[in-house]
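Reader: I am in my first year and still learning how to read a protein model, and I would like a close look at a single part. Could you take me slowly through the salt bridges, saying which residues pair up and where they sit?

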Amino acid sequence: MLTLYTPLVALVAGIAAGALYVVGLSHSIWGVFLVLCSPLPIYIASLSFNSLASGIAGVIAVSGVMAFSDPLLASVFSIAFVLPAFVLGHLATQQVGKTQEGDPVFLSAADMTQILLILGIFLIVISAFAVSMTPAGLVGTIRSNLNLLMNNFYGADASHGPDAVTNLAEIVDFWDSLVLGTIIAVVVVSHAAMGSLGQGLARSGGKTLRPAPAFGRLRLPGWPFYLTLLLGAAVMGLDTLGGDREGTIAFVIYLLTGFLLVLGVGFLLQGLAVLHALTRGMNAQPFILAGSYLVVLVFQPFGAMVFATVGFVEHWANFRERFGVDSDAAMED
């Protein structure tokens with residue numbers, strides 16, 4: 001609904017989102033953090049005001065990036081950051097029903113996570129086919145850039161002898177199929193983080209269009225679990241059959257591995273939800289959660305893998321039910 005404040009909110013959010021992205025691109029380590037934070041103003045506009053404001057903000061942000069950068073970077077910004085933020089923010093504020101008391105019902109944390117995973121899979125497909133249109137193709141582009149990165153990091157070129165070159169080739173062969181999925185998985189995690197932060201900021205400002213979802217009750221349905229098993233078997237089978245690291249089989253392995261890593265984000269969130277539920281009511285919960293999130297952020301990729309494994313096993317282990325915390329209907333985070 002268009003109101004008097006919609007253009008102002010959209011303008012501020014659009015400028016902020018575009019500025020975070022453009023400034024982030026001009027820096028190194030901190031720049032990556034700013035780029036990943038760029039969807040936050042879009043989420044705040046959607047969750048605290050309306051979807052129209054966030055949509056206009058997205059158009060302003062992309063236009064600003066195109067004006068101060070180039071069309072390619074603006075396209076990446078619009079597809080990877082602005083569009084998912086608008087879709088997730090819009091769906092999060094839509095009523096899907098009412099309780100018996102007449103209170104509105106919104107999509108749950110599990111519903112939003114499923115939508116996030118579908119968007120992540122979409123980003124994998126778009127990215128894979130976009131990069132495949134380059135002269136070197138998807139596989140060649142990733143391997144050449146990874147080889148250059150590892151060579152600069154380890155200094156393992158021909159001047160260091162054949163053993164160094166062989167070790168470099170083994171490193172590239174191990175990591176090449178993980179690059180695309182890792183990048184998109186980081187983007188997906190950033191959307192989960194920025195959406196949660198946007199919800200918290202909107203609620204603290206006293207203007208939120210929906211209550212906070214009960215994160216501790218996040219429970220994914222069966223399809224991510226079974227799809228992960230199927231994709232894992234397919235990747236192992238193709239990797240065994242195909243020794244060619246440059247052909248169609250390699251392209252398919254990159255694509256399916258990307259799907260696996262995106263689905264892993266869903267299990268990571270479910271694993272963290274288990275921790276939220278099991279520690280609820282403890283005086284030390286803030287310290288436990290802070291330490292756990294610090295482990296996930298700092299000890300990569302092993303910290304994230306631990307909680308993703310917990311979330312994956314939760315499908316049949318039902319930790320929350322076993323410890324009697326799943327029945328707490330009032331659970332919120």
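**The salt bridges, one by one**

Author: Arg 320 is a good place to begin, since with a relative accessible area of 0% this residue is buried. Please keep in mind that the model is predicted, and that every value below was computed from it.

Arg 320 forms a salt bridge with Glu 314, and the closest N and O atoms of this pair are 3.1 Å apart. Glu 314 is likewise listed with a relative accessible area of 0%, so it counts as buried, the limit for that word being under 20%.

Glu 314 also takes part in a salt bridge with Arg 219, where the closest N and O atoms lie 3.2 Å apart. This second pair joins distant parts of the chain, for Arg 219 belongs to the loop between H9 and helix H10 (222–241), while Glu 314 belongs to helix H13 (residues 302–317), and 95 residues separate them. What is the relative accessible area of Arg 219, and is the residue buried or partly exposed? Its value is 26%, and therefore Arg 219 is described as partly exposed, a class that lies between the limits of 20% and 50%. Taken together, Arg 219, Glu 314 and Arg 320 are linked in a network of salt bridges.

As a general point, side chains of opposite charge can pair when their charged atoms come close.

A search of the whole structure finds three salt bridges, and one of them has not been described yet. Arg 143 forms a salt bridge with Asp 176, with the closest N and O atoms 2.8 Å apart. Here, too, the pair links distant parts of the chain, since Arg 143 is found in helix H7 (residues 137–154) and Asp 176 in the loop between helix H8 (162–175) and H9, with their positions 33 residues apart in the numbering. Are these two partners buried or exposed? Arg 143 has a relative accessibility of 16%, which is under 20%, so this residue counts as buried. Asp 176, at 0% relative accessibility, counts as buried as well.

To read this part on the structure shown above, you could start from Glu 314, which forms a salt bridge with Arg 320 and another with Arg 219, and then turn to the pair made by Arg 143 and Asp 176.

Definitions and conventions
Residues are numbered from 1 along each chain as its sequence is written. This is a predicted model: local features need pLDDT of at least 70, side-chain atom pairs count only at pLDDT 80 or more; totals for chains, interfaces and linings use all residues. Side-chain values use heavy atoms; hydrogens and water are left out. A salt bridge is a side-chain nitrogen of Lys or Arg within 4 Å of a carboxyl oxygen of Asp or Glu. Helices (H or I, at least four residues) and strands (E, at least two) are DSSP runs, numbered from the N terminus. Buried means under 20% relative accessible area, exposed over 50%, partly exposed in between (1.4 Å probe, protein chains only).
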